[in-house]
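Hi everyone, thanks for coming. Please have a look at the structure on the screen, and I'll walk you through who touches whom.

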There are 2 protein chains.
Amino acid sequence: MEAVPPGISLTSTIVVSSMGVTIYDLAREAGVGIGTVSRCLNNHPSVAPETRQKVLAVIKRLNYQPHAYAHRLASRKTNTISAIIPFFTNYFFLEVLKGVQDRALELGIDLILSGVNDPSQVEYYLRRSLLRGHVDGVMFFSMNFPESFVSKFQEIALPLVLVDTHHNKFDSITVKNREGAKIAVEHLIHLGHRSIAIINGNLQARPAGERLAGYREALEDHDIPLRDEWMLSSGAGKLDGFTREAGRTLIRELISRRRISDTITAAFVASDVQAIGVLEGARELGIRIPDDIAIVSFDDIELAQHARLTTMRQPMYQMGRLAVEQLLDRIKERDAAPRITSFLPELVIRSTCGALRDGEAAARIRRKKELQAI
Amino acid sequence: MEAVPPGISLTSTIVVSSMGVTIYDLAREAGVGIGTVSRCLNNHPSVAPETRQKVLAVIKRLNYQPHAYAHRLASRKTNTISAIIPFFTNYFFLEVLKGVQDRALELGIDLILSGVNDPSQVEYYLRRSLLRGHVDGVMFFSMNFPESFVSKFQEIALPLVLVDTHHNKFDSITVKNREGAKIAVEHLIHLGHRSIAIINGNLQARPAGERLAGYREALEDHDIPLRDEWMLSSGAGKLDGFTREAGRTLIRELISRRRISDTITAAFVASDVQAIGVLEGARELGIRIPDDIAIVSFDDIELAQHARLTTMRQPMYQMGRLAVEQLLDRIKERDAAPRITSFLPELVIRSTCGALRDGEAAARIRRKKELQAI
DNA sequence: TTGAAAGCGCTAACAG
DNA sequence: CTGTTAGCGCTTTCAA
């Protein structure tokens, strides 16, 4: 217990309890060499069972704690990855982060969180990731990966995976925005709608652009002529434009275009957050959803359930887990070709599209009866 | 540029570009000793200006990146702190995390995020924090700090600060729940209400308990007799019970208690998340807020603005920043007495309490006129 | 002011 | 199977 690190002069240094037990202490106590101790620690096969027992016992007795950074320095692995992820957009990231977190925990990997509250922080975090031996790899989420950093990452061969964004030099995990939007709009078409608007985010941002493409494609496939007045979007900006306020504003705008609004019976809203705003705006305007306007949105954030949004679900949690997985693969196999994984979002039918109107009513009656029966 | 790490055999090792430049390389290039280089790096005072210039130039030229872990091993500081924070409760943590994140960034400290998705993960993260040299300190949020770990933290003198929770052995940063709740309820009383219910979370959890205390105190101070039927709370459970569903359920329960609901004109809802549920439930039941029942809640999460909740604002972002600050203080001064900082939440008046009814109406008219003027 | 040398605690050959 | 040795890249005395 009064273990003193080897080679340390015994001047005024007092070693407190279990603090600072090293493999030298273990080796001395167990009567073996530090190599053997190290092997036990890393359960290397070639250690005699009895020796191993002996060492393990000492480890326990001295309450040995390995020193993470010494290990990392010597082994040239950091066992740490980082996530550069925007905090300022919608709640998408939260679900993804849960997935990342859980998987990292299962794997015993440290996760350095680089939450971006302001776009200017991105470069800082990126530069920091580049420090030698700082992290084994980085995950970069939902933002455009700065072109100025691609060569830097390539030069030092730092593994990188992009999530919810894309670059042809790196691995990426995305959602099929175009296909998803198309499914959403087709759902509306199947429900009998022909006059379908789109309420979108910032078209500069990739997701918004792709979702618009899906919208157009669906209409074209069904021989519905595209009309510019049906396509609304948030103004340009640094962010994705998927905000509640934008939804609220755009539904008002849609309605204020008198001649058009008369004919519109449905809208594809490109994000749940905006859809919530649309719902609010509609209520204020006395417009009933889905009766006057049916709505399908995109994302399936947690709020979507409560707002009973019909929406396209992105497997966010899964994407988070996969991001970790993919990064680890990349760390193992540095020079494989960039791999891109893309999830097809899934239609979740709730109340805003009107498909469940009858079913819902029936369910409600059933529930009432059940209650009465109790 | 073809720098080769010292002491490495020149067999098949090819050193790529700027990867692996060490202080030895710098020293050789600059024609000085590694000690001097190190001093420049840490801008130690005793280096001749010219020498410093020379070294700095080489650093730039070779694109030197310091090795974080070597530094940490040698200096015995990790420059890393961790945050153990629940992901499963409400959005409180998100705001706090933003504060933590921003401050850590400003200070150049790495933040290891230990997001707890399931209560069982807490011990894992705690144990991990204990690894020697892993982190300089830890912040622990919103959960009961396990008694079994207090001695462990004390033994190895690992700096710890508790946020939104409390333990008398450690620093803590909290919110005055009781006082805040009291302010909330008194606001209702000042508005003329005498029959005020409370819709609360899990009473086992500290915040819920304290908020209940504040509620009682307010009523007592104003000679309003307490009535058990007015006090509702989520069932017991591991979590805090501050959920949307709980709010929805409890408002129904409140209303279903016929004789009482007739008299109740206001309710203090112990969390915004529940208040949102209450709003939903009320709408379904055809109860108008604030006309039939006025509501004040607690937290001021981001959603509260959109739902126009009158609520008690917790300075979450500030608390996050302070947590980092406090932890650093503690790291510097290990054996000061535990320090507890407590924030008084602030009443934010919006629509649900009814105080703004007239003002709101006036504002609405004003807005209309402005629009017409355009 | 500066260079040399001795660690920090651990891993990974290399002999035996 | 195991002890020894030489690093990993940096900080920090200690002389000079």
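Let's begin with the two protein chains: 35 residues of chain A are in contact with 35 residues of chain B, where contact means that the C-beta atoms, placed from the backbone, lie within 7 Å. On the chain A side, the elements giving two or more residues are H4, helix H5 (92-107), strand S2 (110-116) and helix H6 (121-129). Helices (H or I, at least four residues) and strands (E, at least two) are DSSP runs, numbered from the N terminus. By class, that side has 16 nonpolar, 12 polar and 7 charged residues. Here Ala, Val, Leu, Ile, Met, Phe, Trp, Tyr, Cys and Pro count as nonpolar, Asp, Glu, Lys and Arg as charged, and the others, Gly among them, as polar.

A quick word on the model: it is predicted, so local features need pLDDT of at least 70 and side-chain atom pairs pLDDT 80 or more, while totals for chains, interfaces and linings use all residues. Residues are numbered from 1 along each chain as its sequence is written, with chains lettered from A and ligands numbered from 1 in the order in which they are written.

Now the DNA. Which residues are closest to strand D? Among the 30 that surround it are the closest ones, A:Gly33, A:Gly35, A:Thr36, B:Ala70 and B:Ala74; near means a C-beta atom, placed from the backbone, within 6 Å. H4(B) gives the largest share there, 5 residues.

Around strand C there are 30 residues, with A:Ala74, B:Gly33, B:Gly35, B:Thr36 and B:Ser46 nearest. H4(A) gives the most to that surface, 5 residues. By class, the surface near strand C has 16 nonpolar, 14 polar and no charged residues.
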